[in-house]
Amino acid sequence: MLKQFSFPKTKRLVSGRQFDAVLGRRLSASTGVLLLYMAENKCGYPRLGISVGKGCGGAVIRNRLKRVLREAFRQSQGQIPPCFDYVLMVLSRRLNLQAKEATPKGIKQLKLENVQKWFLILVNKITEGLKNQ
């Protein structure tokens with residue numbers, strides 16, 4: 001059962017071509033801080049790509065954000081459509097960044113519980129839009 005929620009390399013989008021395929025589909029939704037793009041795949045399982053720009057902070061902060069996003073995806077795999085690729089982005093302009101702060105205020109709200117809840121809301125918003133087309 002735990003194997004089902006693992007996150008091996010096959011469930012990751014790593015190449016620019018894979019990201020471009022998802023972004024080119026233009027199925028997206030946003031919470032303000034998170035932006036999700038989706039595209040159907042033929043793999044039979046969900047795959048995730050993450051983009052956290054340098055505007056979000058230093059390497060330590062960016063890597064922490066990526067770990068939180070990956071874990072939210074990993075724990076949500078049983079609740080999302082399986083035959084889709086997902087690209088999850090953090091919108092740095094919405095994080096209330098202060099140049100002199102060590103930890104931006106907006107980063108504190110990106111806890112695992114919040115990110116997982118927002119991720120599922122975004123997935124549902126996009127899939128509802130697909131059903132209405």
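Here are a few short exercises on this predicted model, each with a worked solution.

**Exercise 1. Get your bearings: how many helices and strands does the chain have, and what pattern do they follow?**

Solution. Start by counting: you should find four helices and four strands. Next, read along the sequence, and the pattern comes out as α-β-β-β-α-β-α-α. Finally, look at burial: 41% of the 133 residues are buried.

**Exercise 2. Work out the order of the strands in the sheet and find which ones are at the edge.**

Solution. Go pair by pair.

- Strand 1 and strand 2 (residues 34–40) run antiparallel and share four bridges. For a landmark, find Ser 30, which sits opposite Leu 35 in strand 2.
- Strand 2 is also joined to strand 4, again antiparallel, by seven bridges. Here Glu 40 stands opposite Phe 84 in strand 4.
- Strand 3 pairs with strand 4 in the parallel sense, over six bridges. Arg 47 faces Asp 85 of strand 4 in this pair.

Put the pairs together and you get an open, mixed sheet with the order 1-2-4-3. Strand 1 (27–30) and strand 3 (47–52) each pair on one side only, and these are the edge strands. On average, neighbouring strands are turned by 20° against each other, ignoring direction.

**Exercise 3. Is strand 4 mostly covered or mostly open, and which way do its residues point?**

Solution. First check the burial: seven of the seven residues in strand 4 are buried. Now sort them by direction. Phe 84, Tyr 86, Leu 88 and Val 90 point one way, while Asp 85, Val 87 and Met 89 point the other. That fits a general rule: in a regular strand, side chains alternate between the two faces of the sheet.

Then see which helices touch this strand. Helix 1 (residues 16–25) packs on the sheet and touches strand 1, strand 2, strand 3 and strand 4 (84–90), with its direction at about 95° to that of strand 2. Helix 4 (residues 112–131) lies across strand 1, strand 2 and strand 4, at about 45° to strand 2.

**Exercise 4. Where around helix 2 do its buried residues sit?**

Solution. Helix 2 (residues 59–76) has 18 residues and spans 26 Å, close to the 26 Å expected. List its buried residues: Ile 61, Arg 62, Leu 65, Val 68, Leu 69, Ala 72, Phe 73 and Ser 76. They cover an arc of only 130° around the axis, so they lie on the same side of helix 2. The spacing helps you see it: an α-helix has 3.6 residues a turn, so residues three or four places apart point the same way.

Note on methods: Residues numbered from 1 in each chain as written. Predicted model: local features only at pLDDT ≥ 70, side-chain atom pairs only at ≥ 80, totals over all residues. Heavy atoms only, no water. Helix = DSSP H or I, 4+ residues; strand = E, 2+ residues; numbered from the N terminus. Buried < 20%, exposed > 50% of the residue type's maximum accessible area, 1.4 Å probe, protein only. Expected span 1.5 Å × (residues − 1). Arc of directions from axis to C-beta. Pairing = 2+ DSSP bridges. Axes fitted to C-alpha atoms, helices over the stretch in contact; angles between N-to-C directions. Contact = heavy atoms within 4.5 Å.
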